[in-house]
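These are my notebook entries on a structure that I went through site by site. I set down what I looked up in each place and what I found there.

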Amino acid sequence: MTERELLIKGLEQICPKVYPQTVDNFLKFSDMLLEKNKVMNLTAVTEPMEVISRHFLDCAMIAPDIISEEKVIDIGTGAGFPGLPLAILCEDTQFVLIDALRKRIDFLNEVISELGLKNVTAIHARAEELKERQSFSAAVSRAVADLSVLSELTLPLVKVGGKFIAMKAQDCKDEVSKATKAIEILGGTKPVIKTYTVVQSDIVRAKVEIQKIKDTPSKYPRRFAKISASPPVSYTHLTLPTT
Ligand code: SAM
């Protein structure tokens, strides 16, 4: 099977219609990724067929969850995952891809320009320093940080009524349960884990879905050193010492 065939077969299992332009865009992105990866650390995946399954189809699996969203942010996008495959597939959704490493954002801007994508912007920024508070209808993220850290980077940016989808390894149950209290403090619901097998592969992954139901208290996000040192804490359950 060729990369094109694998991509088409996979996308057909996810999307109602797969356009030739969409497939061409993915293949151009793959070529640029593998070429740039020779001189810059973008991905550990170096086989073209693996780029299709481990990156493109894995990310495409969450397209049905965000296709009707208005404005989506991808936190710690790296070489564009999951945000760029989603932007290629969901033309009517606006995407903002952010990463703390400028070189990766420069690469993404080259890809965006080469593909002529109009619905995506790549910005060099740290998530915890962004000023766009509660302004995205959804946030996505893959392989960036432990869920309690990631939730503090992400949930402040999501509108009440919006959602956050974190793409995680299959065995994320402990990580998710440890983050549940922090997520509640940050305005999110109890996270729901859904496991899935990436189409045309035997790769099993998990998506963690969180709905934003309350404003995030203004003291979050804190500075990164504080975020990574300890999760948000609620003081409401603490008993004051009696004298
Ligand atoms: N999401 C991509 C993927 O799945 O291939 C990249 C994952 S890479 C392991 C993690 C990325 O998150 C890095 O590119 C790093 O620069 C970025 N990152 C880590 N902390 C960040 C922060 N606070 N704000 C923005 N980007 C961050």
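**Entry 1: a buried asparagine.** I listed the contacts of asparagine 119, leaving aside neighbours within four places in sequence, and found Ala87, Cys90, Glu91, Thr93, Gln94 and Phe95. I note at the outset that the model is a predicted one. I then located asparagine 119 in the loop between α6 and β3 (120-124). Is asparagine 119 buried or exposed? Its relative accessibility is 6%, so I class it as buried, the limit being under 20%. I also looked for a polar partner of its side chain: a polar atom there lies 3.1 Å from the backbone oxygen of threonine 93.

**Entry 2: the ligand.** I counted the residues that surround the ligand and obtained 16, with Gly76, Phe81, Asp99, Arg104 and Arg142 as the closest. By class, this shell holds 8 nonpolar, 3 polar and 5 charged residues. Which protein atoms lie opposite the nitrogen atoms of the ligand? I found a polar backbone atom of glycine 76 at 2.8 Å from a ligand nitrogen, and a polar backbone atom of alanine 127 at 2.9 Å from a ligand nitrogen. For a ligand oxygen, I recorded a polar side-chain atom of arginine 142 at 2.6 Å. On its own the ligand has 600 Å² of accessible area, of which the protein covers 80%.

**Entry 3: the loop between β1 and α5.** I examined the peptide bond between phenylalanine 81 and proline 82 and found it cis, with omega about 5°. Proline 82 belongs to the loop between β1 (71-75) and α5. Glycine 80 is also placed in the loop between β1 and α5. Its relative accessible area is 0%, and I therefore list glycine 80 as buried. Leaving aside neighbours within four places in sequence, I found glycine 80 in contact with Asp74, Pro85 and Leu108. I also computed the C-alpha separation between glycine 80 and phenylalanine 107, which are 27 residues apart along the chain, and obtained 9.2 Å.

**Entry 4: further backbone geometry.** I kept in mind that most residues other than glycine have a negative phi, and that most peptide bonds are trans. Tyrosine 220 and proline 221 are joined by a cis peptide bond, with omega about 5°; proline 221 sits in the loop between β7 (204-211) and α9 (224-229). I then turned to positive phi values. Glutamine 134, although not a glycine, has a positive phi of about 45°, and I placed it in the loop between β3 and β4 (136-142). Its relative accessibility of 21% makes glutamine 134 partly exposed. For glutamine 200, phi is positive and near 60°. Glutamine 200 lies in the loop between β6 (192-197) and β7, and I class it as partly exposed because its relative accessibility is 35%.

**Entry 5: helix α2.** I compared the length of α2 (residues 20-36) with expectation: at 1.5 Å a residue its 17 residues should span 24 Å, and the end C-alpha atoms are 24 Å apart, which agrees. Which residues of α2 are buried? I list Thr22, Val23, Asn25, Phe26, Leu27, Phe29, Ser30, Met32, Leu33 and Leu34. I read this list with helix periodicity in mind: an α-helix has 3.6 residues a turn, so residues three or four places apart point the same way. The buried residues of α2 pack against α1 (3-14), α3 (48-60), α5 (83-89) and α6 (102-115).

Key
Residues numbered from 1 in each chain as written. Predicted model: local features only at pLDDT ≥ 70, side-chain atom pairs only at ≥ 80, totals over all residues. Heavy atoms only, no water. Near = heavy atom within 4 Å. Polar contact = N/O pair within 3.5 Å; in protein donor to acceptor, adjacent residues only side chain to side chain. Areas by Shrake-Rupley, 256 points an atom, 1.4 Å probe, with all protein chains shown as cover. Nonpolar A, V, L, I, M, F, W, Y, C, P; charged D, E, K, R; others polar. Helix = DSSP H or I, 4+ residues; strand = E, 2+ residues; numbered from the N terminus. Expected span 1.5 Å × (residues − 1). Buried < 20%, exposed > 50% of the residue type's maximum accessible area, 1.4 Å probe, protein only. Contact = heavy atoms within 4.5 Å.
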